[in-house]
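Me: Please take a close look at one part of this model, the interior, and tell me how its packing and its empty space are arranged. I would like the cut-offs stated along the way.

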Amino acid sequence: MSQDSQHGKWTVSDSDDDDEALPSSGTPAVSNPSSPNTSVSSLAIGSEARQLAAKNQLNPVKYETSPSLAGKRKKEVSDGSGWALSDSDDDDDGDVKRKSVSNLPKKAPPSPKAKKVKVEDERPPSPHGRLYYIDEPEDFFESSVPRLNDTFRFYLNKVTGLDRKYNTGALHIKGEKSLSELYLFNYCFDIAWMVQQYPSEFRDRPVLIVHGDKREAKARLVKQAQPFPHVRFCQVQISQNTDIWKMMLLWYEEGFRVIILTSNLIRADWYQKTQGMWMSPLFPRLPEGSSASAGESPTFFKRDLLEYLASYRAPELEPWIQQIKEHDLSETRVYLVGSTPGRYVGPDMERWGHLRLRKLLYDHTDPIPGEEKWPVIGQFSSIGSMGLDKTKWLAGEFQRTMTTLGRSSHRSNPPMHLLYPSVDDVRTSLEGYPAGGSLPYSIQTAQKQLWLHSYFHRWKANTTGRSHAMPHIKTYMRASPDFSQLAWFLVTSANLSKAAWGALEKNNTQVMVRSYELGVLFVPSAFNMETFPVHKNPFLASSSSAGFPVPFDLPPTCYSAKDQPWIWNIPYSQAPDTHGNIWVPS
C-alpha cells in the first residue's frame, strides 16, 4: 500500500521488521583498473552502496538520458516526488555494511599496451576527470601543523574545491612524517594509495593492518599488499561482519600517537567528504620501573584503550598492549566511548554503547538550569531500523542517554535535531550523486519509520565551508537554546542505529550491541570549563579562541515540506547533479 507524508509519497512493502537480524555481510569489491581516470589498485570498496557510487563515477548516466529509465524499475512510484523500491529487503544498521552487488557490469581487463605508466608523485585522480583538481591550492597536500594553543585537538579533513581559508588548520593523511611504524585499524583499505600518502623516505616503514575480512575479502586484501612487503596483517575474529573501528597508532622514536577518525583508508574518503578526527598528544615512554598505574590520565583513557584492544581477544594484539602500558598517556583530556558486539548484563552494561555514554555524562557533567530547553543534536551518515514508532528506541532509551546531565533526577524532554543530507544536498554536492554511496539509508528501512523524518535537518556547513562536502563524520552534542554553548560533544564512528549504540533487552536487564565503534567524548569539566562556547570562525588562522569547532552550522536547518532524505538505492532522474549526471541504481 502507499502512504503519504510531508516528505513525499512512499510505497510500503509487506516486509517484516527485522530489528533482530544480524547485519548483512559486506564483501569488498575490486576497483575497475580499466578506467582511464583511475590508478591501478585493488581497492576494497566494502559495501553495495560504495560499489554503486564507484560504478556511477566510472560510468555516469547523463541527465538527458533519463527518459529511457521509464519502465525499468520494479515497484516504482509514478509520482515524481515519490520513492521507489529496489528488490533487496536488507536493512542498513551501520556505517556502509552491505552485501556485494552481483549485477554490476563486468569490464574487460585492460590491454597490456594500455598499461599506465606509474608516476611516483601523481595526485589522486578524480572520479570526474583528471582536470577536476586543477584549482587545488599548491600546498593542499602539505603538512598542516596544529596550532600549539589548540585546546581540543579535534580537526576536520582537508577538502578539495574549497576556498583555501577553509583548509587552514584542517588535516590530510599526507601530513604525518617521521614515522617508525604504523598500526591501522579500519574497514576499507586501498593499500597502494595509502602507501603513496607518506613521504618517499618513510614508505617502507612497517605497517600493520588490523581488519575483520574473511575468505575472499581477506584474499583480496592480501593481494593488494603483495607489492609492499613491509605491510603485514592482523585479522581479528569477529562473530559477524561488522565495521572495524577507525583508529591509527603512529609510532615514533620519541613515543606514539593515537588518532581516532571517521575516514576509511581509501582515496574517496579523504578529498571531498567532511570527515573528523581527534589527534592525541605525543605520548612519551615512561621511565623504567614505573608502576602499573603510571601514565594514566584523569579521564582513564589509557585503561579504556587497553580494555578496548583486549576486547578483540586477538593474541597478535598483546605486544601492542604491553607497549602502550609502557607509555605516559596522562595528558589526555577526552573520554573513550566504544562499542563491541555482544550481550552484556550487570555492571558490564555500562562498558559499551550508549549506556557507556550515559554513565560518562552522569558522572562528569553537571545539571544546567533550564536544561529542558537545551536541544540534543545528532549528525550521522547512515540510519538503522529503529522500530514502528519513536518510543521503541529513539525517544526511549537513546534520548534518555542523550539528555543525561549529571546526577539530576529531573528527566527533561528537550528538542532533538537529527542532521542527515537531503536529496538536494547530495545532488548539489562537490561529488554529485556519487556522494550518496557513502550515505546508505535504504528504502526498506526508511519506509518503516516515516515518523523519524520529522526530526530531520539539512546538512548546512557554511561556517566551515563544507556545505557541499557530504558528511561521513558522525557527531552528537547538547547545545544551549541559542546554540552558543555546548554541554558536551562526541565525535565517533557510530551512526544512528541500535547496532552501533546497543539496545536494551529482557526488561532492561541486558543490552545487545552488534558493531565495533569508537569515539571520543569532550566534557567541559575535563577542560576546566562549565560549557564549551561554540567557535564562530573555526578556520580563522589568528584565532586563539577556546570555542569548540562544530563542523556544521548552528542552529540546524529543518527540512522543508519539499525536502526528502537521501535514499541510496532508488533512482534520481528528475534533475541532474553538479556534473550533469543522474543516479541509476542497478
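Reply: Phe300 is a convenient place to enter, since with a relative accessible area of 41% this residue is partly exposed, where buried means under 20% relative accessible area, exposed over 50% and partly exposed in between, with a 1.4 Å probe and protein chains only. The model is a predicted one, in which local features need pLDDT of at least 70 and side-chain atom pairs count only at pLDDT 80 or more, while totals for chains, interfaces and linings use all residues. Residues are numbered from 1 along each chain as its sequence is written, and side-chain values use heavy atoms, with hydrogens and water left out.

Phe300 has a positive phi of about 55° although it is not a glycine, and it lies in the loop between β12 (283–284) and α4; helices (H or I, at least four residues) and strands (E, at least two) are DSSP runs numbered from the N terminus. Helix α4 (residues 301–310) is largely enclosed by the rest of the structure, because seven of its ten residues are buried. The buried residues of α4 are Phe301, Lys302, Asp304, Leu305, Leu306, Tyr308 and Leu309.

The largest nonpolar core has 112 residues, and those with the most contacts inside it are Leu394 and Phe522; such a core is a set of buried Ala, Val, Leu, Ile, Met, Phe, Trp, Tyr and Cys residues joined through side-chain atoms within 4.5 Å. Strand β20 (residues 485–492) gives the largest share of this core, six residues. Apart from this core lies another, of 28 residues, among them Leu182, Met248, Leu265 and Met279. With neighbours within four places in sequence left aside, Leu394 is in contact with Met386, Gln399, Met416, Leu418, Trp451, Leu452, Tyr455 and Leu496, contact meaning heavy atoms within 4.5 Å.

Val513, in strand β22 (residues 510–513), is buried at 3% relative accessibility. Not counting residues up to four places away in sequence, Val513 touches Ser339, Thr340, Pro341, Gly342, Tyr344, Ala499, Ala500 and Gly502. Of these partners, Ala500 is 13 residues from Val513 in sequence and 6.6 Å from it in space, C-alpha to C-alpha. In the loop between β21 (503–505) and β22 sits Asn508, which is exposed at 52% relative accessibility and has a positive phi of about 65° although it is not a glycine.

As for empty space, there are five cavities of 30 Å³ or more. On a 1 Å grid over the protein atoms alone, a cavity is a set of points where a 1.4 Å probe fits but cannot get out, and lining residues have an atom within 4 Å of a point; grid points are joined across faces, edges and corners, and a volume is the space filled by probe spheres set on the points. The largest cavity has a volume of about 90 Å³, and its lining consists of Leu179, Leu182, Leu184, Met194, Val195, Tyr198, Phe202, Arg203, Arg205, Val207 and His230. To this lining β5 (181–185) and α2 (191–196) each supply at least two residues. The lining divides into eight nonpolar, one polar and two charged residues, where Ala, Val, Leu, Ile, Met, Phe, Trp, Tyr, Cys and Pro count as nonpolar, Asp, Glu, Lys and Arg as charged, and the others, Gly among them, as polar.

How values were computed: 1 Å grid on protein atoms, 1.4 Å probe; cavity = no way out; pocket = protein on both sides within 12 Å on 5 of 7 lines; lining within 4 Å.
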